[in-house]
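User: I am new to this structure and would like to know what stands behind the words used for it. Could you take me through them?

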Amino acid sequence: MSVQGTCDSRFSQVAEEFEGNLARRGEVGASVCVIVDGEVVVDLWGGEAAPGVPWQSGTIGHVWSCTKGATALCAHILASRGELDLDAPVTRYWPEYGAAGKGGTLVRHLLAHQAGLPVLREKLPPGAFYDWKQMADRLAGEEPFWEPGSRHGYHALTFGYLVGEVVRRVSGRSLGTFFREEVAEPLGLEFWLGLPEEYEHRVAPTIPADPPATPPSFYVKAFTDPASMPALLLANEGGYMTPGESDSRAAHAAEFGAIGAITNARGLAGMYRPLSLGGGGLVTGEHLVHMSLTASAGTDAVLAVPSRFSLGFVKAADNRHLPPADQEGALLSASAFGHVGMGGSVGFCDPAARLAFGYSMNKQGIGLGINARGQALVDATYRALGYRQVYGGIWYAAGEIS
């Protein structure tokens, strides 16, 4: 399967690994983009978008939870402007949210997956995720599964409504509109939270992961304990996870701020480009530091493996000490932050390295972090920048540790 695009000779290893993904690691169609010092040094695509249809420069796709990085960025833009206080109670902006014992929830708890609302208890009707008001109202009235701020657990499907409703209340614009007007259009990105129908023909459908021989602990818990949060996450989602539904026109058109974004590697890297350069007009340099600091870490109450988050973004996590099915994490540098999408897509920035990175694909992997295909591209990028790994895991700049 042919690979097209451009690659600076210094980053030839990235191209080699991209080709290796297609030849040896089960990649079907994908794109990768690397931006260093504000300049695109890798912009590659290849494979098939659909059977018999080549992945092209303008092919876009569903990047799943990479969406959370876009949603978090919207909140941070408002915070950097002084319009949103991340340490304030959510009720300052969303008074109804104080119901059912949630009055002490802070905005930062929503961003750090500490709000205690990773799932809903009452059964959602079909199509609920396409009804923003219904989801916001239900979350406002829901009792938390733990005291907000006392622990963290991945809010896989609710994050977008929780953070996005605060963005809507503060800005007076829907999440998708705010992102388009404040991020995508100014940066010239093909990146949508709510895809216009005119671009629908360019979307590469998602190919589900092959069933694993041994599933991650999250899935084991979901399938053996029907009352558990993992089980509710998979079973109470209004039909969104029904095969083919996430590829429907309704799904693509929805402003689904947790897992609904449509873009490609160029869009993911482009969103993080300003942040890799100190804020780039989206946020101040001081606020960028706030965005990168770890806010929650430890065993995830939902994923059942260690996870680390800043305020809305995934941080580096090395889970290679766990059983094979749970080993996927995020082998980045300590200064990096971004987000992984279900199946393996990833976008992040590393301000210390002045690096922005994006990878998107249509064939999903089964794990919960950056899978072997994406990690190979990340590793090659850091090697090209002269970085080294701590015991084969987290990356650090040569000379950073003496």
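Analyst: Here is a short tour of the terms, one question at a time. This is a predicted model, in which local features need pLDDT of at least 70, side-chain atom pairs count only at pLDDT 80 or more, and totals for chains, interfaces and linings use all residues. Residues are numbered from 1 along each chain as its sequence is written, and side-chain values use heavy atoms, with hydrogens and water left out.

User: What makes β8 and β9 a pair of strands?

Analyst: Strands are DSSP runs of E with at least two residues, helices are runs of H or I with at least four, and both are numbered from the N terminus. Two strands pair if DSSP finds at least two bridges between them. Four bridges join β8 (residues 296-299) to β9 (residues 306-309), so the requirement of at least two is met. The two strands run antiparallel, and A297 has R308 of β9 as its bridge partner.

User: What lies between β8 and β9 in the hairpin?

Analyst: Six residues do, and in that turn A304 has a positive phi of about 70°.

User: Why is W64 called buried or exposed?

Analyst: Buried means under 20% relative accessible area, exposed means over 50%, and partly exposed is in between (1.4 Å probe, protein chains only). W64 has 5% relative accessibility, so W64 counts as buried. W64 sits in the loop between β5 (60-62) and α2 (67-80), and has a positive phi of about 50° although it is not a glycine.

User: And why does D37 count as buried, partly exposed or exposed?

Analyst: D37 has 45% relative accessibility, so D37 counts as partly exposed. Its place is the loop between β2 (29-36) and β3 (39-50). D37 is not a glycine, yet has a positive phi of about 55°.

User: Which residues of helix α4 are buried, and what covers them?

Analyst: In α4 (residues 132-141), the buried residues are W132, Q134, M135, A136, L139 and A140. Their cover includes α5 (159-171) and α6 (175-187).

User: What makes a space a pocket or a cavity?

Analyst: Both are found on a 1 Å grid over the protein atoms alone: in a cavity a 1.4 Å probe fits but cannot get out, while a pocket is an open set with protein on both sides within 12 Å along at least five of seven lines. Lining residues have an atom within 4 Å of a point. Grid points are joined across faces, edges and corners, and a volume is the space filled by probe spheres set on the points.

The largest pocket holds about 1000 Å³ of space. Its lining has 49 residues, with Y219, M342, G343, G367 and L368 nearest the centre. β9, the hairpin strand, gives the most to this lining, with four residues.

User: How many cavities are there, and what lines the largest one?

Analyst: A search of the whole structure finds five cavities of 30 Å³ or more, and the largest has about 60 Å³ of space. Among its lining residues are P118, V119, F129 and M135; M135 is also one of the buried residues of α4.

User: What makes a lining residue nonpolar, polar or charged?

Analyst: Ala, Val, Leu, Ile, Met, Phe, Trp, Tyr, Cys and Pro count as nonpolar, Asp, Glu, Lys and Arg as charged, and the others, Gly among them, as polar. By these classes the largest cavity is lined by nine nonpolar, two polar and no charged residues. For the largest pocket, the classes are 28 nonpolar, 16 polar and five charged.

Key. Contact means heavy atoms within 4.5 Å.
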